[in-house]
Amino acid sequence: MRMPGWAGSGRPGRDLALAGASFVGGLAVYGVGMQPQFPWAPDVPRVSFLLPLLAVSVAVGLRRVATRTGLAVGTVAMLADAALGVSVGSTVIYTQVLYDSCVHGPPPLRRWLLRCAVGVSVGSTAVGLLVWGWRGGAVGVPFALLGLLPVVTGISVRQYRDQAAAERARAEQTARLVELDRRQAVLAERARMARELHDVVANHLSAVALHATAVLSAPGLDRPRVEAALRVIRESSVQGLAEMRQLIGLLREPTADPAQEATRVRLDELDRLLARMAGAGLRVHATVEGQPRPLPVGVDLAAYRIVQESLTNALRHGTGTAELTVAYRPAEVVVTVENPVRAGTDGAGPTADVAGRVADLPAGGAGLIGMRERAALLDGEFTGGPGAVGGGSGRCCPPGRCRDRPGTGRAGRRPGRGAGRPGADPGRGAGDRGGG
């Protein structure tokens, strides 16, 4: 049977209903004639027991709103009832008052009631032993049952409720932490996919836009030059579409290790990238220092993307030449790109009209953000800025003092190094300008 709303748990109506039920039960016991239990005042009329009964029932109704007041009223009523000769109804209801005081009262009140109940039980037992010998030890039993037992039960119930509340709070906190972790994971995945989309789409489309702008801005081009520009446009488009399909496949069917399947490009494919850049009009002088070796997947991919972004920026904002250095060191891989910055028409780069149209191409700075994020995620370093007069340079250590661990496919960190420290961007050099 469902309880009505006014009598629900924690509602004042529930306390009033319990107080009324207690009083009705006490009246039933009164009608049976079970008082007084100890007629040391035989001249007292039986109706006198109704006032303590009413007071102790009122104390039950105050168990939540005024616990201390209810305990005081109940105790005074119980003492008055004991002076009249003790009635069973008032005594039983008083045990409910003691129980409620422990369940709903503050911790100091519970401790005080426990000390009083133990003291009364032990004291009554000691008095019985002194007065009636070993048989008098039974005097303390009623005090233990009617005083100590309700107090101990109420304390146990309160401790159980406090523990349950703590567990609920802990579960809610855990749920909030899980939700925060989920949101952070979603944000991290969105940032990772944004970097991949930028590298796959913006870099290839930059070459397409550059050559399309050159063809449109230079009327009267002969057919071989137009065909060369179209070949570059087609090659960049096909390559971009291939990498885009690969990325879409990853989104549709994620693998156990997305970083290993996000793309197939690696540092050992730099020759294809340099050939594509040469076809696009950027002459790159590449130098490899040290002995090339297999790198962790994340390091290999980050290094390739940083080289790709830097060369794309050099193509868009430089004069047509760039210096690339890939240094394999014992505990890191250092990628350096340097190129002159276009200042005007010097015969080595595009014409003034083409340069102006290229400068108008949209560039939101996402390239710089992506390179810095890639280096920072690997505990690496990224620096960029002006080099020689009229030039720019960019330098990145993708592993960030990471040492390759054969057979694991992961990079370890050398203790004592913090996150990547992105460099300043004072000169907007070609090696560190964000493309796309």
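The secondary structure of this predicted model comes to 12 helices and 7 strands. The protein has 436 residues, and buried residues make up 39% of them. Contacts across the chain are a helpful next stop: among those between residues at least 6 apart in sequence, 73% join residues at least 24 apart. On the outside, the protein exposes about 23,600 Å², with carbon and sulfur atoms supplying 62% of that area.

Turning to the pockets, the largest one has a volume of about 890 Å³. Helices H3 (67–84), H4 (88–104), H5 (107–132) and H6 (140–217) are the elements that each give two or more residues to its lining. The lining of this largest pocket consists of 27 residues, and those nearest the centre are Met78, Tyr94, Val120, Phe143 and Leu146. Helix H4 provides the largest share of the lining, with 6 residues. In character, the lining of the largest pocket divides into 22 nonpolar residues, 5 polar residues and no charged ones.

The nonpolar cores come next. As a general background, nonpolar side chains in soluble globular proteins tend to be buried together. In this model, the largest nonpolar core has 27 residues, and Leu267, Leu270, Leu311 and Leu324 are the members that touch the most others. Two or more residues of this core come from each of H6, helix H9 (270–280), helix H10 (297–317), strand S2 (321–329) and strand S3 (332–340). The largest share, 8 residues, belongs to H10. Leu324 makes a good vantage point: leaving aside residues up to four places away in sequence, Leu324 touches Leu270, Leu274, Val284, His285, Ala286, Thr287, Val307, Val335, Thr336 and Val337. There is also a second, separate core of 18 residues, which includes Ala19, Met78, Val97 and Val151. Met78 thus turns up in this second core and among the residues nearest the centre of the largest pocket.

Two further residues can be placed by their partners in space. Strand S3, one of the contributors to the largest core, also holds Glu338. Glu338 has a relative accessible area of 40%, so it is classed as partly exposed, between the limits of 20% and 50%. Its C-alpha atom is 5.6 Å from that of Ala322, although 16 residues separate Glu338 and Ala322 in sequence. Leu210, by contrast, lies in helix H6 and has a relative accessible area of 8%; this residue is therefore buried, as the cut-off is 20%. Leu210 and Gly281 are 71 residues apart in sequence, with 9.7 Å between their C-alpha atoms.

Helix H6 also contains Arg158. Although Arg158 is a charged residue by its side-chain class, its relative accessibility is 18%, and it therefore counts as buried. The C-alpha atoms of Arg158 and Cys102 are separated by 7.1 Å, with the two positions 56 residues apart along the chain. Apart from residues up to four places away in sequence, Arg158 touches Cys102, Val103, His104, Gly105 and Arg110. Thr67 reaches part of the same stretch. This residue sits in helix H3, and at 10% relative accessibility Thr67 counts as buried. With residues up to four places away again left out, the contacts of Thr67 are Leu62, Asp100, Ser101, His104, Gly105 and Leu109. His104 and Gly105 are therefore touched by both Thr67 and Arg158, given that contact means heavy atoms within 4.5 Å.

Finally, two loop residues deserve a look for their backbone angles. Most residues other than glycine have a negative phi. Val86 has a positive phi, near 70 degrees, and is not a glycine. Val86 lies in the loop between H3 and H4, and its relative accessible area of 16% makes it a buried residue. Asp379 likewise has a positive phi, about 60 degrees, without being a glycine. The loop that holds Asp379 runs between helix H12 (366–377) and strand S4 (381–386). Asp379 has a relative accessibility of 6%, so this loop residue counts as buried too.

Definitions and conventions. Residues are numbered from 1 along each chain as its sequence is written. This is a predicted model: local features need pLDDT of at least 70, side-chain atom pairs count only at pLDDT 80 or more; totals for chains, interfaces and linings use all residues. Side-chain values use heavy atoms; hydrogens and water are left out. On a 1 Å grid over the protein atoms alone, a cavity is a set of points where a 1.4 Å probe fits but cannot get out, and a pocket is an open set with protein on both sides within 12 Å along at least five of seven lines; lining residues have an atom within 4 Å of a point. Grid points are joined across faces, edges and corners, and a volume is the space filled by probe spheres set on the points. Helices (H or I, at least four residues) and strands (E, at least two) are DSSP runs, numbered from the N terminus. A nonpolar core is a set of buried Ala, Val, Leu, Ile, Met, Phe, Trp, Tyr and Cys residues joined through side-chain atoms within 4.5 Å. Buried means under 20% relative accessible area, exposed over 50%, partly exposed in between (1.4 Å probe, protein chains only). Accessible areas come from the Shrake-Rupley method with a 1.4 Å probe; for residues, only the protein chains shown count as cover.
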